[in-house]
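Me: Please give me a close look at a single part of this structure. Start with how far the model can be trusted, then go through the part you pick.

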Amino acid sequence: MTSGKEEKRLMKYADLHPNIRIRIITDFFTDLTQKSIIPFMAIYLSIQIGAGLAGLLLTVNIVASMIVGLWAGYWSDRIGRKKLMVIAQTLQVVALFCLAIANSPWMDSIIVTCLMFLLSSLSSGITVPIANAMIVDVSSEHERHYVYGLQYWTTNVAITFGALMGGLFFESFRFLLFSLVCLESLATLFILIFMIRETMDKRALDCGEAPIQKNILKTYGAVFQDKRFMIFFTATVLAVSLEFQLDKYIAVRLKNEFTAQLFGSDISGLHMFSLIMVINTVMVALVAIPFTRWIGRFQSRSIMTVGMLLYTAGFTVLAFSNWAWLLISSAILLTIGELMYAPVRQVMLAGMIPDSDRAAYMAADGLSYNAAALLGSLGLTIGAFLPSYAMAGLYILMGLGALVFFRMLLRKAEDQNQHLPCADAS
């Protein structure tokens, strides 16, 4: 009989539930679509309607996506995953088709573009918590570290190729870009309809219980009164907010303060920022999967501790240093740290949520990223008044705070050694 550690080490993509294999592929293309549009839409809207209105529209999109995500999480636990995913993907196809038409040789409509961009954001808001809940539905505990490591890798690769596609096509070939991603979304819709199987009903049947009949306010009231989840939520906000510092305070600081020579050439702060991003992306693309397999043999608490320490140290150095080689080393450290802590974080979340409200918890977890994004923006404002070494000290406190909370939860889980009754349903 194979031990849990050996199962982790021998885990292969082909061993996963068909739903997970399909979702990893379709999520890659969904992320590709989003990342080829969203980062460039802000620039486009600023030119077309002005920076003020563009910022307001983007804020409305984020808030609307958050609200519809909470709604989708609630209803997914009651009527099933697949129905809502198909509806959301249909909306995505319609939005991208209309975006293509509104930016075609025959039509150029900024109003239609804004409305369809909002519809696309709403579709994504519905899909994300449900897709995450579906993965938990059909994965066993020993599979999840591998699944989330693989998902982390595909997401980062999609971000890279999405940014490349957007950079090449968005400004001058929007009709072609929107047409391509519309066709990809249409293919994803057919895959969802004909290949994805419903998981919520099977899970409820296996557990011998139906979802608890509570209204949406009581459901999320219970979620945010769950002390374990709120500790996890707080830890996530602290950890992820460091990541949001990278393209805000750290990017601005490097632009203003950094100049150096590297390999005999002068490099600016923006060049260094780009190099840090490239190091992060290339490392994730090349080593994420084998690295995740390798660290899967160690205890989660050890992985989380080392990972968060490396992650925090990397961002701390980026907050104050202007030595090129130290900045490059820090980029490597924080990437290794992120590769270690991110999958463990996902496994922790999957293990603590009740069967009856899985999608609701996933939707609530999504709010932690929005809160972290707000802290990231706040960091830029605070950085205008504090010296860089003070910002570095703030990053240390945030990283160590996240680590303390994560370890607290991991220690409780190890002490209790309790598992959900359907954790191994596949």
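Reply:
**Confidence, then helix α10**

Mean pLDDT (the predictor's confidence in each residue, from 0 to 100) is 83 for the chain, and 90% of its residues reach 70 or more. This is a predicted model: local features need pLDDT of at least 70, side-chain atom pairs count only at 80 or more, and totals for chains, interfaces and linings use all residues. Residues are numbered from 1 along each chain as its sequence is written, and side-chain values use heavy atoms, without hydrogens or water.

Helices here are DSSP runs of H or I, at least four residues, numbered from the N terminus. Confidence is lowest in helix α1 (residues 4-10), at a mean of 45, and highest in helix α12 (residues 300-320), at 94. Residues 1-9 stay under 50. So do residues 208-212. Where pLDDT is low, the predicted coordinates should not be read in detail.

Now α10. It covers residues 227-257, 31 in number. The expected span is 1.5 Å times one less than the residue count. That gives 45 Å for α10; its end C-alpha atoms are 43 Å apart, which agrees.

The helix is bent, though. At Q245, α10 turns by about 55°. That bend is the angle between axes fitted to the seven residues ending there and the seven starting there.

At the N-terminal end, D226 is the cap of α10. A side-chain oxygen of D226 lies 3.1 Å from the backbone nitrogen of R228.

Notes
Helices (H or I, at least four residues) and strands (E, at least two) are DSSP runs, numbered from the N terminus. A polar contact is a pair of N or O atoms within 3.5 Å; within protein, one must be able to donate a hydrogen and the other to accept it, and residues adjacent in sequence count only if both atoms are side-chain atoms. Contact means heavy atoms within 4.5 Å.
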